[in-house]
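Let's take a walk through this protein together, one stop at a time. Keep the picture open beside you as you read.

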Amino acid sequence: MARASSTAFTITVANSPPVWQGVPTITFTQGVASNVSIAGYVTDPNGDPLTITLSPPALLPQGVTYDAANKRFVYDGVGLVGLTSGNVLIADDGKP
């Protein structure tokens, strides 16, 4: 009687990069402290957790900071009205 043979193998799924949706213009009202989350504008097709960084970090208007831990922009309500552009958000899933 012939024995059934088996072969073991591993399937490796290639990592897909994070996918951005259009991030709208973010606006704050002077005198009103508030924050805007950007976490909902990027997903990872593999379900990997994401780190989102701002580059370069020094181009934000006075009173606005980027809270990387919570993936949001925070306005202190005190800073002057300002406009900035050229900021780049980078999503990283930590995998090549």
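Glycine 40 sits in the loop between strand 2 and strand 3, which covers residues 42-43. Is glycine 40 buried or exposed? Its relative accessibility is 64%, so glycine 40 counts as exposed. For a sense of scale, look across to glycine 86: the two glycines are 46 residues apart along the chain, and their C-alpha atoms are separated by 21 Å. Bear in mind as you explore that this is a predicted model.

Next, follow strand 2, made of residues 34-37, to its neighbour. Strand 2 pairs with strand 6 in the antiparallel sense, over four bridges. Within this pairing, serine 37 has arginine 72 of strand 6 as its bridge partner.

Strand 6 has another antiparallel partner: four bridges join it to strand 5. Here valine 64 stands opposite tyrosine 75 in strand 6. Strand 5 and strand 6 form a hairpin, with four residues between them. Lysine 71 belongs to this turn and has a positive phi of about 55°. Why is that worth a second look? Most residues other than glycine have a negative phi. Lysine 71 has its positive value although it is not a glycine. Lysine 71 is described as partly exposed because its relative accessible area is 22%, and buried would mean under 20%.

Now look at which way the side chains point along strand 6. They alternate: Phe73 and Tyr75 point to one face and are buried, whereas Arg72 and Val74 point to the other face and are not buried. You can find an alternating pattern in strand 4, residues 51-55, too. There, Ile52 and Leu54 are buried on one face, while Thr51, Thr53 and Ser55 point to the other and are not buried. Strand 4 pairs with strand 7, residues 88-92, in the antiparallel sense over five bridges. In that pairing, threonine 53 has isoleucine 90 of strand 7 as its bridge partner.

Where do those buried side chains end up? Phe73, Tyr75, Ile52 and Leu54 are among the ten residues of the largest nonpolar core. The other members are Ile38, Val42, Leu50, Val64, Tyr66 and Ala91. Strand 4, strand 5 and strand 6 each supply at least two residues of this core. Pick out isoleucine 38 and see what surrounds it: leaving aside residues up to four places away in sequence, isoleucine 38 touches Trp20, Val23, Ile26, Ile52, Tyr66, Lys71, Arg72, Phe73 and Leu89.

From packed side chains, let's turn to empty space. Rolling a probe the size of a water molecule over the atoms shows where such space is left. The largest pocket has a volume of about 570 Å³. How many residues line the largest pocket? There are 25, and those nearest its centre are Thr25, Ile26, Thr27, Pro61 and Thr84. Strand 6 and strand 7 are the elements that give two or more residues to this lining. Sorted by class, the lining has 15 nonpolar residues, ten polar ones and no charged ones.

Our last stop is isoleucine 11, in the segment before strand 1. Isoleucine 11 has a relative accessible area of 67%, so it is exposed. Compare its position with that of asparagine 35, which is 24 residues away along the chain: the C-alpha atoms of the two are separated by 43 Å.

Key. Residues numbered from 1 in each chain as written. Predicted model: local features only at pLDDT ≥ 70, side-chain atom pairs only at ≥ 80, totals over all residues. Heavy atoms only, no water. Buried < 20%, exposed > 50% of the residue type's maximum accessible area, 1.4 Å probe, protein only. Pairing = 2+ DSSP bridges. 1 Å grid on protein atoms, 1.4 Å probe; cavity = no way out; pocket = protein on both sides within 12 Å on 5 of 7 lines; lining within 4 Å. Points joined across faces, edges and corners; volume = space filled by probe spheres on them. Nonpolar A, V, L, I, M, F, W, Y, C, P; charged D, E, K, R; others polar. Core = buried A, V, L, I, M, F, W, Y, C linked by side-chain atoms within 4.5 Å. Contact = heavy atoms within 4.5 Å.
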